[in-house]
Amino acid sequence: MQNLDLKIELWKKRLLDLGKRNRLINFKETKRSNILIKSPCLGDLFSLLVYEEKSLKFSSPSKITFDEYEEEQSVINVKGDIETNHNFSEQQRTLKSLRAKAKTSIEEQGINTLYLTFGMLNWRENNNSNDIILSPIILVPVSLRIESINEPYILSLHNDEIVFNPSLAYKIENDFGVVFPEFNEHEDNITKYISKISKIAKNNNWQVTEETYLALLSFLKINMYEDLDKNKDKIVSNPIIKSLVGDYSDTIQVPTSFNNYDL
């Protein structure tokens, strides 16, 4: 049993990408792969989206007509529930790109890659390094939709689980021996939780910022990781899987009469 427990932990860790190309470890602000949410603030946005399960609108264009023949028209931007750090035209281009890539990921791989990130850990690989690495802390799966070109983009909660960044958790524990407390959206207040992480960060000369991004994150193997994590009891009790790691104690012997069975 102990051998299989260790194997499961090893399998889980091998599924995590800990290189700097992984945005879960080394987050970079880009034009089309993420966008900073300026309003609502971190706590309010989490409450609206997660606890109240509201669909939130971004700013949208609205056509204003000056006469009945529509000879003169003007387009204004209608303020939505969410404000970003982009001007309107750049925001629309980025949201269009995020939506298209997230949709492709779901259609081709069955995996949602669009997340709201809550909180950012600013850390260094060692005390002698001057390079600051940014890693998102809490990941909330979301979906983005739009009804027509003149309608706003709408952000809503996706049905995947809310998680502490698993790649970051393992990287920090493996490299520094620092274990972050688990996050439970039903029990933990997001603002207080981020403050708790911030205290741990300060003890290690790191910093936490209360930034929120809408971002595409590479989670190609997260489903397998979560399967191993959620179904550990089933896995360790399965005789076939136990035999694969060298434990034949529960292996069911195949009847000899099956040896020459004509399939």
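This report walks through a strand and its partners, a pocket, a loop serine and some salt bridges in a predicted model.

## Strand 7 and its partners

Let's start with strand 7, which covers residues 133-145. Of its 13 residues, 10 are buried, so the rest of the structure largely encloses this strand.

Strand 7 pairs with several other strands. With strand 6 (residues 114-123), the pairing is antiparallel and runs over eight bridges; here Val-140 of strand 7 sits opposite Leu-116. Strand 8 (residues 154-157) also runs antiparallel to strand 7, and four bridges join the two. If you want a spot to look at in that pairing, Leu-144 has Leu-155 of strand 8 as its bridge partner. Then there's strand 9, just residues 163-164, which pairs with strand 7 in the antiparallel sense over two bridges. In this case Leu-139 stands opposite Val-163.

## The largest pocket

Val-163 turns up again when we move to the largest pocket, whose volume comes to about 990 Å³. The lining takes in 34 residues, and those closest to the pocket centre are Val-163, Phe-164, Glu-182, Tyr-225 and Asp-229. Two or more lining residues come from each of helix 1 (2-14), helix 2 (42-51), strand 9, helix 4 (166-176) and helix 6 (222-230). So strand 9 both pairs with strand 7 and helps line this pocket.

Which element gives the most to the lining of the largest pocket? That's helix 6, with five residues. As for chemistry, the lining splits into 17 nonpolar, 12 charged and five polar residues.

## Ser-59, tucked into a loop

Ser-59 lies in the loop that links strand 2 (56-57) to strand 3 (60-65). Is this loop residue buried or exposed? Its relative accessibility is 13%, and the cut-off for buried is under 20%, so Ser-59 counts as buried.

A look at its surroundings goes well with that number. Setting aside neighbours within four places in sequence, Ser-59 is in contact with Val-78, Lys-79, Gly-80, Ile-82, Phe-88, Gln-91 and Gln-92. One of these contacts, Lys-79, is itself exposed, with a relative accessible area of 64%.

## Salt bridges

Side chains of opposite charge can pair when their charged atoms come close. The whole structure holds eight salt bridges. One of them brings together the side chains of Glu-90 and Arg-32, at 3.1 Å from N to O. Glu-90 belongs to helix 3 (residues 88-109) while Arg-32 is in the loop between helix 1 and strand 1 (34-39), so this pair ties together parts 58 residues apart in sequence. Glu-90 counts as buried at 18% relative accessibility, whereas Arg-32 is partly exposed at 25%. There's also a network here: salt bridges link Arg-32, Glu-90 and Arg-93.

Lys-79, met above as a contact of Ser-59, forms a salt bridge with Glu-83, and the closest N and O atoms are 2.9 Å apart. Glu-83 is partly exposed at 31% relative accessibility. Another salt bridge takes us back to strand 7 (residues 133-145): the side chains of Arg-145 and Glu-147 meet at 3.8 Å, N to O. Arg-145 is partly exposed, at 35% relative accessible area, while Glu-147 is exposed, at 60%.

Technical notes. Residues are numbered from 1 along each chain as its sequence is written. This is a predicted model: local features need pLDDT of at least 70, side-chain atom pairs count only at pLDDT 80 or more; totals for chains, interfaces and linings use all residues. Side-chain values use heavy atoms; hydrogens and water are left out. Buried means under 20% relative accessible area, exposed over 50%, partly exposed in between (1.4 Å probe, protein chains only). Two strands pair if DSSP finds at least two bridges between them. On a 1 Å grid over the protein atoms alone, a cavity is a set of points where a 1.4 Å probe fits but cannot get out, and a pocket is an open set with protein on both sides within 12 Å along at least five of seven lines; lining residues have an atom within 4 Å of a point. Grid points are joined across faces, edges and corners, and a volume is the space filled by probe spheres set on the points. Ala, Val, Leu, Ile, Met, Phe, Trp, Tyr, Cys and Pro count as nonpolar, Asp, Glu, Lys and Arg as charged, and the others, Gly among them, as polar. Contact means heavy atoms within 4.5 Å. A salt bridge is a side-chain nitrogen of Lys or Arg within 4 Å of a carboxyl oxygen of Asp or Glu.
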